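Please open the model in your viewer and keep the sequence panel beside it, since each stop of this tour begins with a selection. The route moves from a single residue to its surroundings and then onward to other parts of the chain.

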Amino acid sequence: YFVNSGEERARGVELSVDWKVNEMLSLNAGVMSFDGELLSASEGASAGAVGQDLPRSPEQSGQISVVFTGLKDSRFKGLRAGLTASYKASTPIRANY
């Protein structure tokens with residue numbers, strides 16, 4: 001089971017851009033920067049983790065997507081296909097708080 005870790009601080013910024021290139025093609029890109037820290041430990045949590053990054057919270061991440069949509073008056077009507085690539089920076093994983 002999990003124990004609440006205590007008081008935490010989380011700050012960050014996220015930016016995304018959508019661009020419809022034409023009727024059939026659209027692009028999407030996004031980036032995120034995050035800073036999270038454990039400020040105090042609750043009872044049952046490890047006090048040694050105070051001041052460290054929050055677990056499972058990457059400092060940076062990003063993604064880019066390309067989406068193809070079939071034209072209404074073509075044989076590809078109703079077709080929608082996409083490709084997405086994503087990135088996540090290394091993520092601290094700790095089970096002791």
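**Stop one: Ser65**

Begin by selecting Ser65, which has its place in strand S3, the stretch covering residues 60–69. Bear in mind throughout that you are looking at a predicted model. Is Ser65 buried or exposed? With a relative accessible area of 11%, Ser65 counts as buried, because that value falls under the 20% limit.

Now show the side chains around Ser65 and look for its polar contacts. One of 3.0 Å joins the side chain of Ser65 to that of Gln63, and another, of 2.9 Å, joins the side chains of Ser65 and Thr84. If you then set aside the neighbours within four places in sequence, the residues in contact with Ser65 are Ser26, Leu27, Asn28, Leu83 and Thr84.

**Stop two: the sheet**

Next, switch to a cartoon view and select the four strands, which form an open sheet in the order S1-S2-S3-S4 with antiparallel pairing. At the edges you will find strand S1 (6–20) and strand S4 (80–88), each of which pairs on one side only. Neighbouring strands of this sheet are turned against each other by 15° on average, with direction ignored. In general, the strands of a sheet pair through backbone hydrogen bonds, in either a parallel or an antiparallel manner.

Keep S3 selected and add strand S2, residues 25–41: how many bridges join S2 to S3? There are nine, and the two strands run antiparallel. To find your bearings along this pair, pick Ala29, which stands opposite Ile64 in S3.

**Stop three: the loop at Gly51**

Follow the chain into the loop between S2 and S3 and select Gly51, which has its place there. Gly51 is partly exposed, with a relative accessible area of 45%. Which residues does Gly51 contact once its neighbours within four places in sequence are left aside? They are Glu37 and Leu38. If you draw a distance between the C-alpha atoms of Gly51 and Leu38, you should read 5.4 Å, although these residues lie 13 residues apart along the chain.

**Last stop: the cavity**

Finally, turn on a cavity display; the structure holds one cavity of 30 Å³ or more, and about 30 Å³ of space lies in the largest cavity. To locate it, select its lining residues, which are Phe34, Asp35, Gly36, Asp53, Leu54, Ser57 and Glu59.

Definitions and conventions: Residues numbered from 1 in each chain as written. Predicted model: local features only at pLDDT ≥ 70, side-chain atom pairs only at ≥ 80, totals over all residues. Heavy atoms only, no water. Buried < 20%, exposed > 50% of the residue type's maximum accessible area, 1.4 Å probe, protein only. Polar contact = N/O pair within 3.5 Å; in protein donor to acceptor, adjacent residues only side chain to side chain. Contact = heavy atoms within 4.5 Å. Pairing = 2+ DSSP bridges. Axes fitted to C-alpha atoms, helices over the stretch in contact; angles between N-to-C directions. 1 Å grid on protein atoms, 1.4 Å probe; cavity = no way out; pocket = protein on both sides within 12 Å on 5 of 7 lines; lining within 4 Å. Points joined across faces, edges and corners; volume = space filled by probe spheres on them.
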